[in-house]
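Take a look at the structure below. Keep it in view as you read the walk-through that follows.

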Amino acid sequence: MTGEVPLAAALITAVLALIGAAVAAVGALGLLRLRSFYARAHPPTLAATLGATCILLASVVYFSYLEGRFMPKALLAVVFIPLVNPVTTMLLARAALARDRTHAYGARPEPGSEDAEWRRKAVELASAQAEAARRVAEDGPPEPDQP
Amino acid sequence: MMTQMLAGALTLALILLAAAMVLAAWRIIRGPRAQDRVLGMDTLYLNGMLLALVFGLRTGSDLAFEAALIIGMLGFAATVAMAKFLMRGEVIE
């Protein structure tokens, strides 16, 4: 550890870094423990939002006091990471849903698992939507309900 | 005394983040399906990025910060590419 920072800055840095690391660890634990893919998609976002923000703020505080001037470089990532992570999570969840809706490709989930239950629901919904689309194509759009 | 407390807290944070990376790696190994592995990789690079940041705090050098930013951006591109691959079977159509 090089340089000296004031007591208040060291305390803030320590608390923020510990909170961020603890939140990230909880997120990874949730990723391991939860039982279906759609449930597992949620916990890592803890690390991406609260965890990343805490640690990056800790680094802004620490380096600002260490250098004696405001160091906003870390704020770049504070904006970037929480903004970008929901995009990847949503893309991944939509890809998983697309794979669940078609029987064509993608490994089958283990029978009896919660993943298998979600896949059954997705396939059911996909076939119901295909049936509705077929009816609209045959008979035209449904009549609107009279008030 | 204060510096020692800060060093201890940052070491504890490093241990927690390393444990998070181990858990994410375990999810990558266990699967069971491709989307779970991509999710595990997403968590792994994110925790690796945070680990680099805390390591930079611990050593007092801001060189680690550039590394963290690059890990973040490349990891984002990698996850998007893999999600696209899982959805379509191709990355660029």
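A residue counts as buried when its relative accessible area is under 20%. Apply that to Ser59(A). Its relative accessible area is 3%, so Ser59(A) is buried. One caution before going on: this is a predicted model.

Ser59(A) is found in helix H3 of chain A. What does Ser59(A) touch, not counting residues up to four places away in sequence? Its contacts are Ala74(A), Leu53(B) and Leu57(B). Two of those names carry the letter B, and Leu53(B) is a good place to go next.

Leu53(B) lies in helix H2 of chain B. Leu53(B) is buried too, with a relative accessible area of 4%. Leaving out residues up to four places away in sequence, Leu53(B) touches Ile55(A), Leu56(A), Ser59(A), Phe65(B) and Ala68(B). Another residue to find is Leu63(B), ten residues from Leu53(B) along the chain. The C-alpha atoms of Leu53(B) and Leu63(B) are separated by 9.4 Å.

Now widen the view to the nonpolar cores. The largest nonpolar core has 42 residues. Which of them touch the most other members? They are Leu56(A), Leu6(B), Leu17(B), Leu50(B), Leu53(B) and Val54(B). Several helices give two or more residues to this core. From chain A they are helix H1 (7-33), helix H3 (44-67) and helix H4 (73-101). From chain B they are helix H1 (2-30), helix H2 (34-59) and helix H3 (63-88). H3(A) gives the most, with eleven residues. There is also a second, separate core of twelve residues. Among its members are Leu92(A), Ala95(A), Ala96(A) and Ala24(B). As background, nonpolar side chains tend to be buried together in soluble globular proteins.

Next, see how helices pack. Two packed helices are described by the angle between their axes and the distance between the axes. Start with H3(A) and H4(A). Their axes come within 9 Å and cross at roughly 175°. An angle over 145 degrees counts as roughly antiparallel, so H3(A) is roughly antiparallel to H4(A). On the H3(A) side, the contact includes Thr45(A), Ala52(A), Leu56(A) and Ser59(A). On the H4(A) side, it includes Ala74(A), Val78(A), Pro82(A) and Thr89(A). What kinds of residue make up this contact? Ten are nonpolar, six are polar and none is charged.

Chain B has its own pair to inspect. H2(B) and H3(B) pack with their axes 8 Å apart, at an angle of about 175°. That makes H2(B) roughly antiparallel to H3(B). Leu53(B) turns up again here, among the H2(B) residues that meet H3(B). Tyr45(B) and Met49(B) are also among them. The H3(B) residues in this contact include Phe65(B), Ala68(B) and Phe76(B). Here the residues divide into 15 nonpolar, five polar and one charged.

Phe76(B) leads on to the aromatic rings. How many aromatic pairs are there over all chains? The count is four. In one of them, Phe76(B) pairs with Phe80(A). The ring centres are 6.4 Å apart, with 80° between the planes, and the pair is edge-to-face. Phe80(A) lies in helix H4 of chain A and Phe76(B) in helix H3 of chain B, so the pair joins two chains. Is Phe76(B) buried or partly exposed? Phe76(B) is partly exposed, with a relative accessible area of 23%.

Another pair is Phe37(A) with Tyr38(A). Their ring centres lie 5.6 Å apart and their planes are at 75°, so this pair is edge-to-face. Phe37(A) is buried, at 1% relative accessible area. Tyr38(A) counts as buried as well, at 19%. Together with Trp118(A), Phe37(A) and Tyr38(A) form one aromatic cluster.

End with a contact that links the two H1 helices. Ala10(A) lies in helix H1 of chain A, and Met2(B) in helix H1 of chain B. Both are buried: Ala10(A) at 1% relative accessible area, Met2(B) at 18%. Neighbours within four places in sequence aside, Met2(B) is in contact with Leu7(A), Ala10(A) and Leu11(A). With the same kind of neighbours left out, Ala10(A) touches Val5(A), Met2(B), Met5(B) and Leu6(B). Finally, find Tyr65(A), 55 residues from Ala10(A) in sequence. In space, the two are 9.1 Å apart, C-alpha to C-alpha.

Notes. Residues are numbered from 1 along each chain as its sequence is written. Chains are lettered from A and ligands numbered from 1 in the order in which they are written. This is a predicted model: local features need pLDDT of at least 70, side-chain atom pairs count only at pLDDT 80 or more; totals for chains, interfaces and linings use all residues. Side-chain values use heavy atoms; hydrogens and water are left out. A nonpolar core is a set of buried Ala, Val, Leu, Ile, Met, Phe, Trp, Tyr and Cys residues joined through side-chain atoms within 4.5 Å. Buried means under 20% relative accessible area, exposed over 50%, partly exposed in between (1.4 Å probe, protein chains only). Helices (H or I, at least four residues) and strands (E, at least two) are DSSP runs, numbered from the N terminus. Axes are lines fitted to C-alpha atoms, for helices over the stretch in contact, and angles run from 0 to 180 degrees between N-to-C directions. Angles under 35 degrees count as roughly parallel, over 145 as roughly antiparallel, 65 to 115 as roughly perpendicular and the rest as oblique. Contact means heavy atoms within 4.5 Å. Ala, Val, Leu, Ile, Met, Phe, Trp, Tyr, Cys and Pro count as nonpolar, Asp, Glu, Lys and Arg as charged, and the others, Gly among them, as polar. Rings of Phe, Tyr and Trp (its six-membered ring) pair if their centres lie within 6.5 Å; planes under 30 degrees apart count as stacked, over 60 as edge-to-face and the rest as tilted.
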